[in-house]
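Hello,

Here is the structure I promised to pass on to you. Have a look at it first, and then read on for what I found.

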Amino acid sequence: MTVRAIMMAGAVSVAALAVSLPLDAEQRPDAQPSREASVQPTKFTRAPMTQAPPAGEVEILPVRGNVYALFGAGSNIVVSVGNDGVLMVDAGRAEMSDKVLAAVQRVQREWVVRHEPAPLGFGAETRSSVADRHITAPPKPIRYVINTSADPDHVGGNEKLRNAGHTFTGGNVAGNIADATEGAAILAHENVLSRMAQGEGQAAVPADALPTDAYFVDFYKLSHYFNGEGIQLFHMPKAHTDGDSIVHFRGTDVIAMGDLMSTGSYPVIDVAKGGTINGVLEGLNRVLDMSIAEFRLEGGTLMVPGHGRLVDSADVAYYRDMLTIIRDRVEDLIKKGRTLEQVKAANVSGDYDTEYGSATGPWTTTNFIEAVYRTLGGVEVRPKPDATRKPDTTRKAPAPAKRP
Ligand SMILES: [Zn+2]
């Protein structure tokens, strides 16, 4: 199957899945026309699945079960809604927060309408009349925001979303005190917290935007089911940065990949913040190890990359293969002693540039090749070998330092 055929097949199966959910809601025998229309994917997601939403708009895509993806707010956002409230992976750019919040409230209301208790039709008068009047419970608050990295387009909405949310502290009393207006918990790897606290690479971060819970080992898991499933964070060391997390929704089998992958560009490898090409490849392989396809790499586990469209195992495997090929070419040239300029001139990514490359913008093909070259140990300017210089054997070894 050609690459395009694989992409199209994946897109069609995903689109079919996306539209089936709202239809379920519409087909409910007791659905009332007066109720709010269910969340529908826009025409962009219905067919080609490859186009970004119009600028400044947030697009909602039902992924599976109670997990949704929001596109267009900077980074992609994954949202779990349900009985326990809302959990979000990434927060988008700060200036998009109001639209993100509106989209979250829309999926919350949708969930409430779908899970309204059915009219009992018998028993106590009060019970049946409450059900008949369709008094729905208010939406549950945002309780968790997870940051997959410290990039402004992933953490920009932290403050607003946190303050719109709610953390349940100890017992009923703590939750009811008027002063206890603690917002949603923000979870991230500790390298994200330290970068944000130090204000590295971005404007000063308000205290409410900082992660409230950081982990420093290989993984972190919510200590309890949330909206009916386990949710686990895995640290991806040295990938896009040194603080990346991916998030696995174990029940719905959806993985939020963060910036390990972007369907429209080469991965952003932030060398200054500890990113490496081999770390990205390890991360992609990890995602593939965790995922199970429905049939021949299609369907099954669904992944939401940090940027771009919804993907499945086939897409991730293709992306991994593409990066492995480019990595191997650069590595080979480094072994042959080529300089960065020579590697750039060798056009090692030429066969993929039409799909992933860019000559302009914040992450160009040149930026990508430089990052690959540097993190594979390539030296930008090779010192000229000086044949006349000999090792200095006349110098004595320094005397051991005396203790004071
Ligand atoms: Zn990103």
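Let me begin with a small puzzle: does Leu222 count as buried, exposed or partly exposed? Please keep in mind that this is a predicted model. Leu222 sits in the loop that links strand E8 (219-221) to strand E9 (231-236). Leu222 has 18 C-beta neighbours inside 10 Å. A residue needs 20 or more to be called buried and 12 or fewer to be called exposed, so Leu222 comes out as partly exposed. Leu187 is 35 residues away from Leu222 along the chain, and their C-alpha atoms are separated by 10.0 Å.

Val155 makes a nice contrast. This residue belongs to helix H5 (residues 152-155) and is buried, because 30 other C-beta atoms lie within 10 Å. Apart from neighbours within four places in sequence, its contacts are Ala91, Asn147, Ala150, Met196 and Ala209. Asp90 is 65 residues from Val155 in sequence, yet the C-alpha to C-alpha distance is 6.3 Å.

Now to the sheets. One is an open sheet of seven strands, ordered E1-E2-E3-E4-E5-E6-E7, and its pairing is mixed. Its edges are strand E1 (59-64) and strand E7 (213-215); each has a single partner strand, so one side of each has no neighbour in the sheet. On average, neighbouring strands here are turned by 20 degrees against each other, direction ignored.

The E1 end of this sheet is worth a closer look. E1 and strand E2 (residues 67-71) run antiparallel and are joined by five bridges. The two form a hairpin with two residues between them, and Gly65 in the turn has a positive phi of about 55 degrees. Across this pair, Leu61 has Ala69 of E2 as its bridge partner, while Pro62 stands opposite Tyr68.

On its other side, E2 is joined to E3 by four bridges, again in an antiparallel arrangement. Here too there is a hairpin, with five residues between the strands, and Gly72 in its turn has a positive phi of about 100 degrees. Ala69 appears once more, as its bridge partner in E3 is Val78.

Why is E2 described as largely enclosed by the rest of the structure? The reason is that five of its five residues are buried. Val67, Ala69 and Phe71 point one way from the strand, and Tyr68 and Leu70 point the other way.

Two helices can be placed against this sheet. Helix H3 (residues 97-114) lies across E1, E2, strand E3 (77-82), strand E4 (85-89) and strand E5 (142-146), at about 35 degrees to E3. Helix H8 (residues 190-197) lies across strand E6 (185-189) and E7, and runs at about 105 degrees to E6.

There is also an open sheet of six strands, in the order E8-E9-E10-E11-E12-E13, with mixed pairing. E8 and strand E13 (311-312) are the edge strands, each pairing on one side only. Within this sheet, E9 and strand E10 (residues 244-249) run antiparallel with six bridges between them, and Leu233 has Val247 in E10 as its bridge partner. Helix H9 (residues 277-290) lies across E9, E10, strand E11 (254-262) and strand E12 (302-307), running at about 160 degrees to E11.

Happy to talk any of this through with you.

Best wishes

Definitions and conventions:
Residues are numbered from 1 along each chain as its sequence is written. This is a predicted model: local features need pLDDT of at least 70, side-chain atom pairs count only at pLDDT 80 or more; totals for chains, interfaces and linings use all residues. Two residues are in contact if their C-beta atoms, placed from the backbone, lie within 7 Å. Two strands pair if DSSP finds at least two bridges between them. Axes are lines fitted to C-alpha atoms, for helices over the stretch in contact, and angles run from 0 to 180 degrees between N-to-C directions.
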